[in-house]
Amino acid sequence: MKKVILAMVVSALFAPAGLSAATPDVAAPIRQFIDGFNTGDLKSAYAAYSTGDIAIIDEFAPNRWLGPNAAHGWADDFQKMADANGITDPKVTYGKPKRTEIEGDSAYVIVPTVYKFKQHGKAMVEEGQMTFALRSEAGAWKIGAWTWSGVKPHPPKK
């Protein structure tokens, strides 16, 4: 009986460590999406999204994109906005998540970001953050929704 109790105690002590080691990196699809955006690899960026309905909120019109094709619609509208406003060389840098909440197959992650670009050849910067809602699908985290929040774009401080 003592051996059974000892085995149960040891299992209980080591199970959380084993489970956390097997848990996929919740920020992986966030990095995949942003890195894909930065390099123009939209195929990789789109692969970071979950299946089914997606929600995106961003600062340019129409400001929200909903449904299974939201990521494609956002990318198309981003390019139209960039072309109309003389925006080139867009790049988003990101830091480590400032907040991560995981409950079952849902996750909430806030990532500090800086959006850099040129507007009519002039360097611009916008500090902000992105907030993501993710879902676990087939053992991997996927983006189900995100929103951008940032200050008004401005020339970089010297």
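**A note on Ser50, the salt bridges and the nonpolar core**

1. Let me start with Ser50. Setting aside neighbours within four places in sequence, Ser50 is in contact with Arg135, Glu137, Lys142, Ile143 and Gly144. Please keep in mind that this is a predicted model. Ser50 sits in the loop between α3 (42–47) and β1. Is Ser50 buried or exposed? With a relative accessibility of 6%, Ser50 counts as buried, because the limit for that class is under 20%.

2. Arg135 deserves a look next. Its side chain makes a polar contact of 2.3 Å with the side chain of Ser50. The side chain of Arg135 also meets that of Glu137 in a salt bridge, at 3.9 Å from N to O. That pair counts because the cut-off for a salt bridge is 4 Å. Arg135 has 31% relative accessibility and is classed as partly exposed. Both Arg135 and Glu137 appear among the contacts of Ser50, so you may like to view the three together, given that contact here means heavy atoms within 4.5 Å.

3. On to the other salt bridges. How many salt bridges does the count come to? The count is 5, and the Arg135 and Glu137 pair is one of these salt bridges. In another, the side chains of Arg31 and Asp25 meet at 2.4 Å, N to O. Arg31 is partly exposed, with a relative accessible area of 31%, and Asp25 is partly exposed as well, at 40%.

4. Asp89 and Lys118 also form a salt bridge, with their closest N and O atoms 3.8 Å apart. This pair links distant parts of the chain: Asp89 belongs to strand β3 (residues 87–94) and Lys118 to strand β5 (residues 106–119), 29 residues apart. Asp89 is partly exposed, at 49% relative accessibility. Lys118 is likewise partly exposed, with a relative accessible area of 36%.

5. Now for the interior. The largest nonpolar core has 34 residues, and those with the most contacts inside it are Phe33, Ile56, Trp74, Phe132, Leu134 and Trp146. At least two residues of this core come from each of α2 (28–39), β1 (54–57), α4 (70–84), β3, β5, β6 (122–137) and β7 (140–150). Which element gives the largest share of this core? That is α4, with 7 residues.

6. Trp74 makes a good place to begin browsing the core. Not counting residues up to four places away in sequence, Trp74 touches Phe33, Phe37, Ile56, Asp58, Phe60, Trp65 and Trp146. Among these partners, Phe33, Ile56 and Trp146 are listed, along with Trp74, as residues with the most contacts inside the core.

Technical notes
Residues are numbered from 1 along each chain as its sequence is written. This is a predicted model: local features need pLDDT of at least 70, side-chain atom pairs count only at pLDDT 80 or more; totals for chains, interfaces and linings use all residues. Side-chain values use heavy atoms; hydrogens and water are left out. Buried means under 20% relative accessible area, exposed over 50%, partly exposed in between (1.4 Å probe, protein chains only). Helices (H or I, at least four residues) and strands (E, at least two) are DSSP runs, numbered from the N terminus. A nonpolar core is a set of buried Ala, Val, Leu, Ile, Met, Phe, Trp, Tyr and Cys residues joined through side-chain atoms within 4.5 Å. A polar contact is a pair of N or O atoms within 3.5 Å; within protein, one must be able to donate a hydrogen and the other to accept it, and residues adjacent in sequence count only if both atoms are side-chain atoms.
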